[in-house]
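Here is a colleague's note to read alongside the model, written as numbered points. Please keep the sequence and the 3D view open while going through them.

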Amino acid sequence: MLGVGYNSTYRWQQRLQPRHRSDTIRCFRCDDIPPPDVEAYVYLLGQYLGDGHIRRNGRSHSLGICCCTDYVGVMAEVEWSLRATLGASVCYRSRADAACVTVESTSRHWLCLFPQHGPGMKHTRKIELAEWQRDLVATDPRPLIRGLIHSDGCRITNWTERRVGGTVKRYTYPRYFFSNVSDDIRGIFTDALDLLGIAWKQNRWNSISVARRDSVAALDDFVGPKY
Ligand SMILES: [Zn+2]
């Protein structure tokens, strides 16, 4: 509202809540321990597959999730999931147009946690979940679906008019869409829906829709509109 940049507010926050020290970082793959917060990791996996990227940052790597600034709630969830997964500090990088902000965290261990990292765009290479990732998703696919819809999906309300007994009535019906140009990532999304028995259709070559009333209600229980 005041036009203050993310980097300024980030620095102010860091004075009140100092940066995590590196000894708080624990990588559950290197340490061979269960993830400290499975829900946070699986949500972050959905966000990474949708709008995330890993880049080299000096001798380390940064995992960034590109977030639309319209959805501050989603941005807060991304920040929470980054912190809860690895314990590294999180910063915000805004682009000149400021319609998007990258929520980013730096640690060499992001490569351990996201083996899908590779050169080029995600849709130009094979994207497959590792066996240990599939096991985590199978225990509860809901955070993955939430992360994918929060990044590359949406919940919209369609409407239609029908004549009932001489009067025209307007009906509204919510729907979910998930759009991604990678066949593999759409497959990961629909596999997760199948695990929960949620009906879906491919409505365009790059888009999946969930429109059946009971399936929309099932998604409303744990996704809902972006906020
Ligand atoms: Zn590691």
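1. The structure is a predicted model, and one way into it is through its aromatic rings, of which 8 pairs are found. Y43 and W80 make up a tilted pair, with 6.3 Å from centre to centre and 45° between the planes. Because Y43 belongs to helix α2 (residues 38-51) and W80 to helix α3 (residues 72-86), this pair ties together parts that are 37 residues apart in sequence. The two partners can also be described by their accessibility: Y43 counts as buried at 1% relative accessibility, whereas W80, with a relative accessible area of 33%, is partly exposed.

2. Aromatic residues also gather in a group, since F28, Y41, Y48, W110, F114 and W132 form one aromatic cluster. Where is F28 found? F28 sits in the loop between α1 (6-16) and α2, and at 4% relative accessibility this residue counts as buried. Leaving aside residues up to four places away in sequence, F28 touches I33, P34, P35, P36, Y41, T85, L113 and W132. For one of these contacts a distance along the backbone can be added: the C-alpha atoms of F28 and T85 are separated by 8.6 Å, although the two residues are 57 residues apart along the chain.

3. The loop between α1 and α2 also holds D32, which deserves a careful look at its backbone. The phi angle of D32 is near 55°, a positive value in a residue other than glycine. As background, most residues other than glycine have a negative phi. D32 counts as exposed, at 68% relative accessibility, whereas F28 counts as buried.

4. Which residues coordinate the zinc ion? The donors are the SG atoms of C27, C30 and C112 together with ND1 of H109, at 2.1 to 2.4 Å. The angles among these 4 donor atoms run from 105 to 117°, and the site is tetrahedral. For comparison, the ideal angle for four tetrahedral donors is 109.5 degrees. Along the sequence, the donor residues follow the spacing C-x2-C-x78-H-x2-C. Two of the donors can be told apart by their exposure, for C27 is buried with a relative accessible area of 2%, while C30 is partly exposed with 48%.

5. The largest nonpolar core has 48 residues, and those with the most contacts inside it are Y41, L49, L63, W110, F114, I145 and L219. Helix α2 supplies the largest share of this core, namely 7 residues. In general terms, nonpolar side chains tend to be buried together in soluble globular proteins. Of the residues just named, Y41, W110 and F114 are also members of the aromatic cluster, which links this point to the second one.

6. I145 can be followed further, as it touches F189, A192, L193, L196, L219, F222 and V223 when residues up to four places away in sequence are not counted. I145 is also one of the buried residues of α6. Helix α6 (residues 142-152) is mostly covered, with 10 of its 11 residues buried. The buried residues of this helix include R146, H150 and D152 as well as L144, L148 and I149.

7. Finally, two arginines deserve a check in the 3D view, where each can be placed relative to a ring. R162 lies over the face of Y171, at 5.1 Å from the ring centre, and R170 lies over the face of W159, at 3.8 Å from the ring centre.

Definitions and conventions. Residues are numbered from 1 along each chain as its sequence is written. This is a predicted model: local features need pLDDT of at least 70, side-chain atom pairs count only at pLDDT 80 or more; totals for chains, interfaces and linings use all residues. Side-chain values use heavy atoms; hydrogens and water are left out. Donors are N, O and S atoms within 2.8 Å of the metal (3.2 Å for Na, K and Ca); water is not among the atoms, so sites may look incomplete. Four donors count as tetrahedral if all angles lie between 85 and 135 degrees; four count as square planar and six as octahedral if opposite donors are over 155 degrees apart and all others between 65 and 115; anything else is irregular. Buried means under 20% relative accessible area, exposed over 50%, partly exposed in between (1.4 Å probe, protein chains only). Rings of Phe, Tyr and Trp (its six-membered ring) pair if their centres lie within 6.5 Å; planes under 30 degrees apart count as stacked, over 60 as edge-to-face and the rest as tilted. Helices (H or I, at least four residues) and strands (E, at least two) are DSSP runs, numbered from the N terminus. A charge sits over a ring if NZ of Lys or CZ of Arg is within 6 Å of the ring centre and within 35 degrees of the ring normal. A nonpolar core is a set of buried Ala, Val, Leu, Ile, Met, Phe, Trp, Tyr and Cys residues joined through side-chain atoms within 4.5 Å. Contact means heavy atoms within 4.5 Å.
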